[in-house]
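User: I am new to this structure and would be grateful for a close look at a single part of it. Please describe what surrounds that part and how it is connected to the rest.

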Amino acid sequence: MVIIDSASPRFVAPKDVGATLDAEDDEDDDDDEDGDNNNNNTTKQAGEEGVMRQVLRAVQVRIKYEESDAFPALGTKRMLEYLKSHNWCISRCDVPMIAKKLKLDHNIPLFKYYYTKLVVWMPHLQFGHMPCCINCKDNNKVGVPGYPSHPGRMVVDLKENYFIMGCRYKCNQCKKDKERLNAIAKAAAATAAAATAGADVEVEVTKINLQYTFIGWDSRVLPRIPRLFNETSRC
Ligand SMILES: [Zn+2]
């Protein structure tokens with residue numbers, strides 16, 4: 001039995017508490033070169049995620065649907081319309097309404113304490129043109145092949161923490177160039193191997209390091225969006 005004398009003051013050093021809700025525990029695939037992890041959003045079940053991540057995922061799924069060919073031609077793109085009229089930002093106080101519209105099974109009175117602001121950063125929707133490729137600096141052959149497996153990233157700000165959601169872009173020209181350079185390197189290695197046949201020489205194929213997919217908030221992309229600094233969204 002432990003008797004605590006509450007009259008005697010004592011110093012108690014509580015253990016460090018680590019916040020686990022909506023922690024950034026998934027792998028950082030922002031720099032995933034080939035974008036193979038796009039459209040793997042179903043790998044994480046909503047039940048395993050934090051409250052705000054469920055909102056993020058539902059918003060991402062809805063944006064994808066509204067952007068897809070499967071969306072009815074005469075349908076109303078409610079999510080995109082909402083975002084356009086709210087500076088591409090869902091304020092904390094609007095999250096319960098969005099969660100309800102997206103049919104999330106949330107206990108709003110309780111969960112509202114976990115909600116945060118959500119900023120959507122998709123330059124092709126916001127500025128009407130694709131961002132420039134990080135290599136060739138051109139946007140002619142840039143497309144949206146899909147979305148990252150994580151629905152968003154947490155931003156730790158001075159006043160508050162919030163989430164930002166984006167999508168992955170792919171430059172088809174740089175992809176083509178990479179394939180071409182790889183083929184040239186392979187052919188050169190084969191020629192060298194044939195020329196040195198019988199000799200004790202090892203021929204190595206050089207791997208072409210050319211990144212052709214990139215996330216919308218890549219620091220090499222932002223300076224090439226001229227209107228960015230004139231239209232900084234606040235909410
Ligand atoms: Zn490119």
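Analyst: The part chosen here is helix α1, whose buried residues pack against α2 (78-85), α3 (95-101), α4 (108-111), β2 (118-121) and β5 (161-166). Helices (H or I, at least four residues) and strands (E, at least two) are DSSP runs, numbered from the N terminus. Two residues are in contact if their C-beta atoms, placed from the backbone, lie within 7 Å. The model is a predicted one, in which local features need pLDDT of at least 70 and side-chain atom pairs count only at pLDDT 80 or more, while totals for chains, interfaces and linings use all residues. Residues are numbered from 1 along each chain as its sequence is written.

The buried residues of α1 are V51, M52, R53, Q54, V55, L56, R57, A58, V59, Q60 and I63. A residue is buried if 20 or more other C-beta atoms lie within 10 Å of its own, exposed if 12 or fewer, and partly exposed in between, with C-beta atoms placed from the backbone. Across the 235 residues of the chain, 23% count as buried. As for its length, α1 covers residues 51-67, and its 17 residues should span 24 Å at 1.5 Å a residue; the end C-alpha atoms are 25 Å apart, which agrees. The expected span of a helix is 1.5 Å times one less than its number of residues.

Helix α1 also contributes to the largest nonpolar core, which has 24 residues; V55, L56, V59, L118 and V120 touch the most other members. The largest share of this core, seven residues, comes from α1. At least two residues of the core are supplied by each of α1, α2, α3, β2 and β5. A nonpolar core is a set of buried Ala, Val, Leu, Ile, Met, Phe, Trp, Tyr and Cys residues joined through C-beta atoms within 7 Å. Leaving aside residues up to four places away in sequence, V120 touches L83, W88 and M165. A second, separate core of eleven residues includes I134, V142, C174 and V221.

The two strands against which α1 packs, β2 and β5, pair with each other in the parallel sense over four bridges. Two strands pair if DSSP finds at least two bridges between them. In this pairing, V120 stands opposite M165 in β5. Strand β5 also pairs with β4 (residues 153-156), here in the antiparallel sense and again over four bridges. Within that pair R153 stands opposite I164 in β5, and a hairpin of four residues joins β4 to β5.

Elsewhere in the chain, three strands form an open antiparallel sheet in the order β3-β6-β7. Its edge strands, β3 and β7, each pair on one side only. Three bridges join β3 (residues 142-146) to β6, with V142 opposite C171 in β6. Helix α6 (residues 172-195) packs on this sheet, touching β3 and β6, and its direction makes about 55 degrees with that of β6. Axes are lines fitted to C-alpha atoms, for helices over the stretch in contact, and angles run from 0 to 180 degrees between N-to-C directions.

To place α1 within the whole, the chain holds six helices and seven strands. Among contacts between residues at least 6 apart in sequence, 73% join residues at least 24 apart.
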